[in-house]
Every structure is written in structure tokens, then in C-alpha cells.
Amino acid sequence: MEADSIQTYIQRAEVLLKEYKYESALETAEAALQNALYHNDNSNLGYISNILAKIYELNEEDTKAITEYKRGITYASTVKDIGLKSDLYNNLANLIIKKPEHRGEGVKFYIDAYQLAERLEDTARMVKPLLNLGDYYISKDLYLESYEHLKVAKELINEHSPILYQTKLNILLGKYFLSIRRFERSNKYIDKGISMALSQSKNKANSTELLYTYYWELASAYKAKSDLYSKQNEFEQAYNYLLEYQSNFTRASKLKKEIELQRATIQFEVGQFKKQIKQNEVEKDERAEEEIKWHISIILGVVIILISLAFLINAYKNNTQKKKLNKDLIEKNAELKAAKETAEQVSTLKSQFISTVSHELRTPLYGVIGLTSLLMEHPEEKKRYEYLESLKFSGDYLLALINDVLQLSKIETNEVTLEKVSFDLRTLIEGISNSLQSKQKHNNNNLHIQIDPAITSMLYGDSIRLSQILINLVGNSLKFTKNGNIWIKVDQLASSDHDCKLRFVIKDDGIGIPKDKQKNIFENFAQVKNGTQEFEGTGLGLAIVKKLIHLHNSEIEIESEEGKGAEFTFTIVYELAKKKGSSDTYDEDIVQEEDLSIGTTTFNILIVDDNKINQIVTQNILKKKEYTCDVASNGSDAIDLVRVNDYDLILMDINMPEMNGLDATKVIRTFNPYIPIIALTAVEEGEVRDQALSVGMNDVIIKPYDTQQFFQTILKNISHSQVKKVR
Ligand code: ADP
């Protein structure tokens with residue numbers, strides 16, 4: 001804003017001020033002030049201060065007005081604007097002279113204003129403070145002081161001076177001359193003043209404020225005139241002028257009221273405006289508040305979204321992790337499943353392998369052992385007896401090893417289940433003792449059997465597994481004891497109508513087992529190396545024993561000290577076999593010796609086997625008992641022979657070329673239901689027994705077999721068939 005426009009603002013502010021539009025005037029003046037400050041326009045700053053001060057003054061903010069006048073004076077001094085400075089002093093004096101405490105100061109400022117105007121030789125400016133001082137002193141009844149200044153004013157004022165000045169001067173002079181009782185002169189001046197004021201009060205061009213001033217001057221003049229007449233004792237005149245005074249005073253007051261009303265209206269509007277502004281501000285505040293709320297909502301929203309996002313990301317991560325874990329688990333599962341399947345396959349393959357290998361090994365072994373046995377029986381071969389004995393030992397060992405491996409493999413793959421038959425414990429143990437007699441003699445041991453007399457009834461359980469356990473344990477004792485004693489002790493710990501709890505103790509006074517080795521001897525292939533001593537064995541016996549006892553839901557315990565012998569203990573609960581004659585009898589399983597002697601002791605047997613060596617071995621074994629036999633190399637030959645000959649029993653191999661033993665049996669059964677047919681095979685018993693029985697075979701003998709057991713089975717089956725035939 002250039003200086004020109006600053007001045008325009010100042011002028012506009014002055015106009016607005018005259019219209020009592022204080023707010024707008026103030027705003028405009030302040031706008032001018034800011035710009036003047038910005039442009040360092042000190043000359044205009046003084047004028048702005050003057051306006052601001054007037055605005056404050058009219059708004060009855062005197063302190064602010066005084067400060068602003070004084071500031072204006074400083075600006076005016078700086079720029080040496082004497083005329084402005086004079087005006088400012090005059091205005092400041094007008095304001096403060098009303099206050100008794102500032103009277104002196106006010107007078108001084110008027111004089112300053114006058115002197116400054118004087119320096120400029122600006123008569124109009126000089127008159128203002130002079131008239132003001134005159135007026136002031138008259139109001140204070142200080143007529144001489146008043147005249148001092150009015151005198152000077154009188155000289156300066158002429159017919160060209162502003163009418164208000166002329167009017168004021170005349171009235172003031174009239175008052176002065178009245179005070180010194182120069183009535184005529186006083187009257188002259190007052191009348192002059194009245195006529196001027198009257199004419200101006202009718203001038204419509206004058207503003208309300210100016211009209212008010214003139215009416216006020218009129219009232220004051222009429223009052224002076226009334227005083228004048230009253231002092232001259234012309235009371236009627238005095239009264240008339242007093243009435244004039246009153247009416248003009250009323251007019252002036254009316255105008256003042258009008259002015260104040262106008263001011264008040266504007267103030268009211270301003271108030272409204274302020275209110276509006278306030279309202280706006282409130283609304284603004286509300287909007288701001290709303291905005292803040294909105295911002296907070298947005299921030300909250302963003303925070304919630306962020307938190308949700310964080311949750312989502314977390315959940316996503318978790319999910320991904322879970323998925324990954326799941327995937328890993330599925331993969332691991334699949335791997336495990338595959339591994340399990342492989343393991344199962346391996347296990348099946350292992351079983352199949354063991355079964356096949358053992359079959360393949362057992363078949364030739366059957367020949368080796370069988371032939372060796374036969375050779376040993378011929379007296380002319382006695383010179384080679386030692387070699388044959390070694391041969392037989394090796395064969396036996398190999399067979400035991402194969403049987404043990406096979407047995408363990410079966411237990412480990414859960415293929416062994418306990419069978420239940422009725423048996424007599426004493427007979428079983430004596431049998432074992434008898435079968436181990438050669439071993440007893442070999443190491444010069446004494447075997448003591450102590451069976452609790454409380455055990456009276458037959459037992460019902462797996463006698464074969466019990467035999468296996470006892471043979472292994474007693475066998476070991478006989479092996480590891482020399483010139484000593486072996487005890488087989490059975491005690492009944494508890495019994496009821498249905499079962500009894502038996503404790504088996506196999507004790508010896510042999511070499512014993514060192515404490516640190518005792519834990520391991522039940523593991524596969526575990527053997528304690530005893531210095532130079534060499535003991536035969538596979539290292540599998542105790543492992544099998546332990547597993548068989550486990551099958552009976554029991555444990556084996558060992559008590560031993562090196563050099564002092566060993567003691568193995570285990571308990572088994574056996575059901576009691578029901579007595580003969582009871583409705584559900586098991587006695588069928590018990591083969592009595594006398595049953596076997598029914599009829600002739602020499603029988604005619606048909607051997608069906610494709611293996612020539614096996615044919616010879618079996619033939620020779622049977623011939624030893626003076627049995628007669630025929631031989632067929634396959635199933636169909638056998639059928640032909642059975643059709644034409646009368647055989648007491650058929651020993652039927654299963655795996656044969658052309659027609660196998662199972663198919664041949666089926667055909668034979670179509671025309672001969674009675675003839676006992678026993679499967680004679682190297683295949684593991686469990687695998688063929690069911691098959692064999694289902695096609696009509698009567699029993700199964702596994703090669704190589706124990707000769708005694710072999711004949712027992714033959715005899716049992718022949719006697720059974722004869723019983724059936726008789727019926
Ligand atoms: P082995 O076929 O070698 O006898 P076992 O599993 O039956 O295998 O026995 C394992 C080992 O335990 C034997 O080699 C032997 O060292 C020891 N042992 C077993 N029974 C006895 C016993 N009654 N006296 C001393 N040592 C024994």
C-alpha cells in the first residue's frame with residue numbers, strides 16, 4: 001500500500017468515524033497503521049494515531065486515546081509535522097482537561113497547540129486552542145484568563161473564519177463582558193452569536209453533530225442572555241430567554257439523544273456484528289472442534305485400521321506359518337507314512353526272506369542230519385563215527401540257529417500267539433529232562449526236579465512255549481555247569497478254581513554270570529565270553545525266553561554271582577484244565593501212550609516228496625521202525641498209488657512240481673475220507689497248518705523233525721483214524 005492509499009484509508013476511516021462506524025473506522029485505521037509501519041511511513045503514522053485516538057475517545061476508552069494521541073505527537077515530532085502536532089496537542093488537551101487532575105496539563109497542551117500553530121502562522125489552527133481555553137476558563141469563572149485568550153482569538157478571527165469559530169467567539173466574549181458587567185457589549189456579542197447559531201441551526205447541510213453544537217451554543221447564549229437581563233433586573237426578559245435557553249437545551253439534548261441513539265444503534269449493530277463474529281467464532285470453534293473430532297476420528301480410524309492391519313498381517317503370518325507348519329506336517333506325515341510303509345515292507349520282506357531262507361536251509365539240512373544219523377547207526381561206518389559226530393553237531397547247531405532266528409523274527413513281527421492245550425506239568429518237565437539227558441551226562445551234572453505237590457490238576461495253556469522256555473534255561477544251566485547240580489523248581493504261589501499262579505526257578509551251581517553282564521544277556525546274540533572256555537550256542541536263547549515270558553505277561557529275573565551259579569525265576573498264571581467228563585473237555589488234546597498201541601505197530605506208509613534225498617531219509621527213518629513204505633514224487637503219482645493200495649498214512653510234501661500236496665489231498669479226499677494225511681514240509685508251520693487242514697490233511701510235521709515227535713504224530717493220527725473207522 002503506497003502512501004497515497006494509506007492516506008485514502010485514513011480519510012475513509014475519518015468518514016466512518018463521523019458516521020459512528022467505530023468498528024469499521026478502527027479496522028480501516030489499523031489497516032492503514034500496519035501498512036504505514038511496514039513502509040516506515042512516519043508522516044502518516046501520526047495521522048493514524050490521531051484517528052485511532054479519536055475512535056477510542058468517542059468510544060470512551062480514554063486511556064487508550066491518551067496513549068494514542070501521545071504516540072501521534074511523537075510521530076509528528078519525528079517528521080516535524082507541526083500542524084499535526086498542534087492538532088494532536090489540542091485534541092489531547094480537550095480530552096484531559098475534563099479531568100480535574102489533568103487540568104494544568106490540559107491548559108499547557110492547549111498553549112502548546114496554539115504556539116505550534118503560531119509557528120506556522122496557521123490562524124485557523126491557532127484559534128482552536130484559544131477558543132477552547134477561553135471556554136474552559138469561563139466555565140471555571142476565570143474570566144480574565146479567558147479574555148486573555150479570547151482577545152488573541154478575536155484578532156485572528158474574521159468574517160472568513162469558520163462560522164462555528166465566529167459563533168463561539170461571540171458568545172464567549174458576550175459571557176466575558178457580562179462578567180465584567182459590560183452589558184451592552186455583552187448583549188451585542190451574544191446577539192451576534194445567537195444570530196449566527198440560529199442561521200446555522202437551520203442549515204440542513206450541517207450534520208446532526210454540528211446542529212447539536214449550534215443548539216448547544218444557542219442554549220448557552222440564551223442562558224447568558226437571561227443572566228444578562230436578570231443582572232439588569234429585567235426579569236421578564238430574563239425569564240423569556242431562560243425559556244429560549246430551555247427549548248434550545250431541549251433541542252440540543254434531543255439531538256444528543258439522537259446522536260447517542262444513532263451511536264447506540266450502530267453500536268448495537270456492531271454488537272450484533274460482534275455477536276455475529278462471536279457466533280462465527282463459536283461456529284468456527286465448533287467447526288474447529290468438529291474438525292478436531294473429525295481429525296481424532298480419522299486418526300483413531302487410521303490407528304484402528306493400522307492395528308487391524310497389524311492383526312491381519314499377524315494373522316496372515318500365523319496362517320502362513322500354520323499353513324507352512326501344516327504343509328511340513330503333511331510332508332513329514334507322508335514321509336513317516338512312507339517310512340512306515342517301507343519299514344513294514346522291509347519287515348514283511350525280512351519275514352519272507354527268513355521264511356524262504358530257513359525253508360531253503362532246512363530242506364538240505366534235513367538231508368544232512370537225516371543221512372548222518374543213518375550213517376551213525378551202521379556199524380561198518382563206526383570208524384568214521386567221530387567225523388560223523390562233528391557233522392551231526394554242525395548240522396544240529398545250524399538247525400538250532402535257523403529255528404531261533406525264525407522264532408525271534410516271528411515274535412518280533414507279532415506272529416506268535418499263545419495256543420491253549422491241556423497238559424500235565426510233571427510229564428512235560430520229565431520229558432524235557434529226558435530229552436536233555438545226553439547233555440546232562442556230557443557235563444556230569446545232576447538234574448533235580450522239585451514240583452510243588454499242591455499242583456494237582458492239569459494245566460490249560462501253551463505247553464510248547466513253556467517247553468521252549470524251560471529247554472532253553474535248563475539247556476543253558478547244563479551247558480554252563482560242570483560236575484554240578486541243576487534244579488527245576490515249580491511252586492504254586494496262588495490258586496483258585498479256575499487258575500493257579502506258578503513260580504518257576506531254574507537254578508544251577510555253575511560258572512555264573514558277572515553282575516555287569518546280567519543286564520545284557522537277554523539281548524539278541526548276547527554271549528558272555530568266559531576266558532578260554534568255549535560254549536556252544538547262538539546267543540539267541542535268552543532273548544527268545546524273555547520274549548516268550550513277555551507273551552505270558554510276565555518278566556524273567558536273574559540272580560547270579562560269578563563262580564557261584566545262576567538262578568532264573570519267572571511266574572506264569574495258568575488256567576486249570578477241566579476234568580474228564582465235564583461238558584467242555586480239553587482231554588482230546590492229551591495223547592495217551594496206550595492209545596498209540598492200537599492194532600499193529602507196523603504200518604504201510606506212502607511218502608510223497610519230490611526231493612530224492614528226503615525220500616531216502618524219510619524211508620530209512622520209517623524202515624528203522626519196520627514200517628513199510630512206498631514213494632511218490634508228485635501229487636498225481638500219489639493219487640494213483642492211493643487208489644490201488646491200502647495205506648495206513650500218507651506223508652505229503654506240499655511244494656512239488658506237477659501237482660502239489662494240497663491239490664493231491666483234495667482229490668484223495670474225494671474217494672478216501674479216512675486215510676490220515678500228514679503234511680511233511682520245511683515251510684514254517686504257522687504258514688501251512690490252516691491251509692493243510694482246510695484241504696483235508698490231518699496234521700503237519702515240520703522238517704527237520706525230532707524223530708520221537710515224528711513217530712508220535714504218526715501214531716496219534718493212525719490211532720485217531722482207526723477209532724473213526726471203528727465208529
Ligand atoms: P547261548 O545260545 O549262547 O546260550 P543265551 O541267550 O541262551 O545264548 O545265553 C546268553 C549268554 O548268557 C550265554 O552265552 C552265557 O554267557 C550266559 N548264560 C546264560 N545262562 C547261563 C547260566 N545258567 N550260567 C552261566 N551263564 C549263562
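## Exercises around a ligand shell and its strands

The biggest share of the shell around the ligand, 3 residues, is supplied by α16. Before we start: this is a predicted model, where local features need pLDDT of at least 70, side-chain atom pairs count only at pLDDT 80 or more, and totals for chains, interfaces and linings use all residues. Residues are numbered from 1 along each chain as its sequence is written, and side-chain values use heavy atoms, with hydrogens and water left out.

**Exercise 1.** Work out which residues and elements surround the ligand, and which atoms touch its oxygens.

*Solution.*
- Start with the shell, counting a residue if one of its heavy atoms lies within 4 Å of the ligand. That gives 20 residues, and the closest are Asn476, Asp508, Gln527, Thr538 and Leu542.
- Sort them by class: 10 are nonpolar, 8 polar and 2 charged. Here Ala, Val, Leu, Ile, Met, Phe, Trp, Tyr, Cys and Pro are nonpolar, Asp, Glu, Lys and Arg charged, and the others, Gly among them, polar.
- Now map them to elements, which are DSSP runs numbered from the N terminus (helices: H or I, at least four residues; strands: E, at least two). α16 (463-479), α18 (541-551) and β7 (566-576) each give at least two residues to the shell.
- Next, look for polar contacts (N or O pairs within 3.5 Å). Asn476 puts a polar side-chain atom 2.8 Å from a ligand oxygen. For Lys479, a side-chain N or O atom is 2.9 Å from an oxygen of the ligand. Leu542 uses a backbone N or O atom instead, 2.7 Å from a ligand oxygen.
- Finish with burial: the ligand taken alone exposes 530 Å², and the protein buries 97% of that (Shrake-Rupley areas, 1.4 Å probe).

**Exercise 2.** Find the strands that pair with β7, and give one residue pair for each.

*Solution.*
- Call two strands paired if DSSP finds at least two bridges between them.
- β3 (residues 459-461) runs antiparallel to β7 over 2 bridges, with Leu459 partnered by Leu576.
- β5 (residues 499-508) is also antiparallel to β7, through 9 bridges; Cys500 sits opposite Tyr574.
- β6 (residues 556-560) joins β7 by 5 bridges, again antiparallel, and Ile556 pairs with Phe570.
- Check the link: β6 and β7 make a hairpin with 5 residues between them, and Gly563 in the turn has a positive phi of about 85 degrees.

**Exercise 3.** Trace the chain from β8 to β9 and give the handedness.

*Solution.*
- β8 (residues 604-608) and β9 (residues 628-632) run parallel, joined by 5 bridges.
- Asn604 has Thr628 as its bridge partner in β9.
- Between the two strands the chain passes through helix α19 (residues 612-624), and this β-α-β crossover is right-handed. In other words, with the strands pointing away from you, the path from the first strand over the helix to the second runs clockwise.

Conventions: Polar contact = N/O pair within 3.5 Å; in protein donor to acceptor, adjacent residues only side chain to side chain.
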